[in-house]
Amino acid sequence: MNDKTKNLICSGVFFLFGAFLYFESLSIKVLMTKDLGSGFFPKVIAVSIMVMAIVELIITLTNKRIVKDEKTDRDIKGGLLTIMCMAAYIALYDSLGFLLSTALYLFFQILILSTEKNRRIPLFALISVASSVVIYVIFVYAISMPLPTGILSF
Amino acid sequence: MITQALMNVLNPSCLALICLGVIVGIIFGSIPGLSATMAVVLFLPMSFGMEPTNGISLLIGLYMGGISGGLISAILLKIPGTPSSIATVFDGGPMAEHGEAGKALGAGILYSGLGSLIGIIALIFIAPYLAALTLKFTPVEYFSIAVFSLSIIASLSGDSLVKGILSGLFGLAIALVGMAPIDAIDRFTFGNFNLLSGFDIIGILVGVFAVTDIIISGFDRQHLGDTYKKLPYSLKGFGITMQEFKEQFGNMIRSSIIGVIIGILPGIGGNVAGLLSYTATKNASKHPEKFGTGIVDGVIASETSNNAVIGGSLIPLITMGIPGNTVSAVLLGGLTIHGINPGPLIFEKSGVYVYGIFFALIVSTFAMLLFERGALRIFVKLLDIPKHILLPIVMVCCAVGAYSSNSRVFDIWCVLGFGLLGLVFKMLKVPSTPLIIGFILGKMTEENLRRALQASNGDISMFFTRPISLAFLLTAAVFICYVLWGKYKGRKNKLAEDE
């Protein structure tokens with residue numbers, strides 16, 4: 001994806017966001033006399049976003065400087081796995097409890113980020129369990145900040 | 001009265017509490033997702049049972065340590081540990097990459113201490129005079145201050161000014177979510193009660209500044225091992241020579257003045273102070289192009305200023321009961337519980353405690369210098385942990401930090417959501433710092449605009465006829481023109497070079 005495509009996507013996305021914001025603020029009523037109402041400021045922002053998105057579009061279309069294609073060696077699989085791992089962690093945070101969900105998350109996330117060269121599974125397992133316990137003890141016992149206990153109730 | 005206050009603070013139990021506060025504060029400040037605010041909030045209930053000077057000294061130690069501790073992760077992890085140290089990342093991160101982690105840390109700690117001291121001096125000497133002036137501020141002035149603060153987006157936009165403005169507007173837009181100011185109508189919550197109080201600043205900061213980077217490390221996992229190197233680090237004293245200290249003197253004074261002023265102005269915290277003085281130092285520098293590549297001036301500007309905010313923010317807090325930022329709002333709660341009522345009469349009614357606060361601030365500044373510098377070796381050891389192990393642990397701390405403010409899993413989802421937003425912004429090359437500034441100033445801008453127009457029956461002329469308001473608006477306009485002119489000249493030079 002070159003810079004021009006990026007800028008075009010950028011102005012498109014922001015314009016749609018501005019339009020959506022404007023549409024949503026139309027239904028906000030003015031409750032008090034002499035007040036601008038809670039819909040006024042959102043409309044100002046929405047219109048500004050749309051105007052700036054159009055300015056960005058014009059700048060991109062009139063810019064004649066050639067933009068080279070960027071070479072990327074992004075590891076799409078690693079990124080998507082990381083996002084999925086985080087989402088699974090949050091989804092299980094309450095039901096499994098902090099200790100279990102955190103130990104599992106840490107183990108899989110460390111595994112995803114490691115390479116074949118530095119992959120040491122027993123060490124990863126140990127670190128995952130130890131860090132979860134240490135964080136849990138500090139928060140729950142030392143500063144009495146409750147964390148979800150989930151299925152392990154102690 | 002002053003001697004009594006000094007005796008109270010120098011009492012061994014009070015000194016121990018200040019040291020405890022500073023150490024815990026540094027830990028909270030340095031772990032991304034945990035902030036100075038959170039440290040003060042967590043210890044607030046504990047301080048209620050203590051003798052007033054002890055309780056308040058503990059909270060002040062936490063505040064001091066928390067604001068300063070953020071620089072450690074800002075430099076070593078390139079993630080601001082606490083919102084105040086956002087601007088420290090800009091140059092502290094690159095310095096660490098160039099093997100100057102020690103110098104960045106040393107200078108950061110030293111200037112945090114100096115900034116704090118200047119802030120405290122300002123608090124002690126100018127509080128009564130400024131109280132008289134700020135007492136006259138109306139929503140008109142506050143709105144103009146917000147506009148002035150928003151204008152700094154222009155200079156933080158990087159290559160594309162338009163994308164920077166879009167990012168700032170987006171920040172203003174997400175600040176709209178939740179109950180509206182004045183009439184409390186719920187806006188853009190889409191029926192989700194979790195959104196009634198709006199998005200939490202901690203969630204946005206942790207998402208955009210920490211989670212985005214962790215996700216990117218997933219996309220970049222093959223290179224995670226090679227970019228990691230144990231950075232050579234040697235540090236004697238504070239890493240700053242006498243010559244450098246003399247060169248940075250102007251920077252220090254300018255940044256602390258900015259910090260104190262931002263601290264005094266309600267609604268704007270250490271993060272904006274750090275960004276403003278970073279920009280001011282960059283614009284005043286003879287070599288602005290070096291900023292962002294790892295130059296000690298940037299670290300000094302940010303760290304001096306965010307610590308000077310502490311003293312500054314206590315000026316309106318003590319004299320008028322107006323909290324300058326979130327931490328001082330929590331401190332206000334602490335003061336009232338102990339029967340200390342902030343206001344013009346506080347010196348007559350609770351003088352012992354007020355002087356106690358002054359002494360506690362001075363003692364905690366030195367405790368901060370001592371512990372943060374003394375234990376620096378331990379903090380630098382953080383770099384020994386490989387990134388593929390450290391980053392997941394940081395993610396867990398982010399989740400705990402987000403969860404603990406309200407005990408809601410919803411807040412952790414927000415962190416992930418903002419992390420993904422940060423990723424999209426990075427992919428589209430939209431800067432994310434303006435988003436934060438827009439978000440922070442959103443509510444203040446809208447509320448004061450509406451209040452001012454209510455009071456004037458919709459007449460906008462008072463923004464230009466009231467001198468303080470006009471001064472802020474003019475400064476904002478001049479600043480934007482200055483940045484635009486700089487960009488225009490830069491582009492012209494670039495075109496000339498291309499040809």
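Student: OK, so a helix here is a DSSP run of H or I, at least four residues long, numbered from the N terminus. Which helix of chain B does Phe358(B) lie in?

Tutor: Phe358(B) lies in helix H16, residues 346-374 of chain B. Keep in mind that this is a predicted model.

Student: Is Phe358(B) buried or exposed, and why?

Tutor: Buried, because 22 other C-beta atoms lie within 10 Å of Phe358(B), and 20 or more is enough to count as buried.

Student: Which residues does Phe358(B) touch, leaving aside its neighbours within four places in sequence?

Tutor: With those set aside, Phe358(B) is in contact with Ile120(B) and Ile124(B). Another residue to look at is Ile121(B): 237 residues separate it from Phe358(B) in sequence, yet their C-alpha atoms are 9.1 Å apart in space.

Student: What about chain B as a whole? How many helices and strands?

Tutor: Chain B comes to 22 helices and 2 strands. Of its 499 residues, 59% are buried. And among contacts in chain B with a separation of 6 or more, 78% join residues 24 or more positions apart.

Student: Let's pick one helix. How many residues of H5(B) are buried?

Tutor: 11 of 12, so H5(B) is mostly covered. The buried ones include Ile86(B), Phe90(B), Asp91(B) and Met95(B).

Student: And why does the length of H5(B) agree with what you'd expect?

Tutor: H5(B) runs over residues 86-97, and at 1.5 Å a residue its 12 residues should span 16 Å; the end C-alpha atoms are 17 Å apart, so the two agree. After H5(B) comes Gly99(B), with a positive phi near 85°.

Student: Got another enclosed one?

Tutor: Try H13(B), residues 270-284. The helix reaches 21 Å from first C-alpha to last, close to the 21 Å expected. Of its 15 residues 13 are buried, so H13(B) is largely enclosed by the rest of the structure.

Student: Jumping to H19(B): which of its residues are buried?

Tutor: Among them are Asp411(B), Cys414(B), Phe418(B), Gly422(B) and Phe425(B). H19(B) covers residues 409-427, with end C-alpha atoms 28 Å apart, which agrees with the 27 Å its 19 residues should span. Lys429(B) follows H19(B), and its phi is positive, near 60°.

Student: Where does Pro431(B) lie?

Tutor: In the loop between H19 and H20 of chain B. Pro431(B) counts as partly exposed because it has 19 C-beta neighbours inside 10 Å. From Pro431(B) to Lys443(B) you go 12 residues in sequence and 21 Å in space, C-alpha to C-alpha.

Student: At what angle do H8(B) and H20(B) pack?

Tutor: About 35°, with their axes 7 Å apart. The crossing is right-handed. Residues making this contact include Gly164(B), Phe170(B) and Leu172(B) of H8(B), and Pro434(B), Ile437(B) and Gly442(B) of H20(B). By class, the contact has 9 nonpolar, 6 polar and no charged residues.

Student: Any odd backbone angles?

Tutor: Most residues other than glycine have a negative phi. Phe188(B) has a positive one of about 50°, and Asn457(B) has one near 60°.

Student: Where is Phe188(B) found?

Tutor: Phe188(B) is in the loop between strand E2 and helix H9 of chain B. With 19 C-beta neighbours inside 10 Å, Phe188(B) counts as partly exposed.

Student: And Asn457(B), buried or exposed?

Tutor: Exposed, as only 7 other C-beta atoms lie within 10 Å. Asn457(B) is found in the loop between H20 and H21 of chain B.

Student: Switching to chain A. What does its domain assignment give?

Tutor: Domain 1 covers 3-62 and domain 2 covers 76-142. Taken over C-alpha atoms, the centres of these chain A domains are 40 Å apart.

Student: How many residues does each chain put into the contact?

Tutor: Chain A gives 54 residues and chain B gives 48. On the chain A side, helices H1, H2, H3, H4 and H5 each supply at least two.

Student: Which one gives the most?

Tutor: H3(A), with 11 residues. The side of chain A that touches chain B has 34 nonpolar, 11 polar and 9 charged residues.

How values were computed:
Residues numbered from 1 in each chain as written. Chains lettered and ligands numbered in written order. Predicted model: local features only at pLDDT ≥ 70, side-chain atom pairs only at ≥ 80, totals over all residues. Axes fitted to C-alpha atoms, helices over the stretch in contact; angles between N-to-C directions. Left-handed = near helix turned anticlockwise from the far one by under 90°. Contact = placed C-beta atoms within 7 Å. Nonpolar A, V, L, I, M, F, W, Y, C, P; charged D, E, K, R; others polar. Domains from an automatic or database assignment. Expected span 1.5 Å × (residues − 1).
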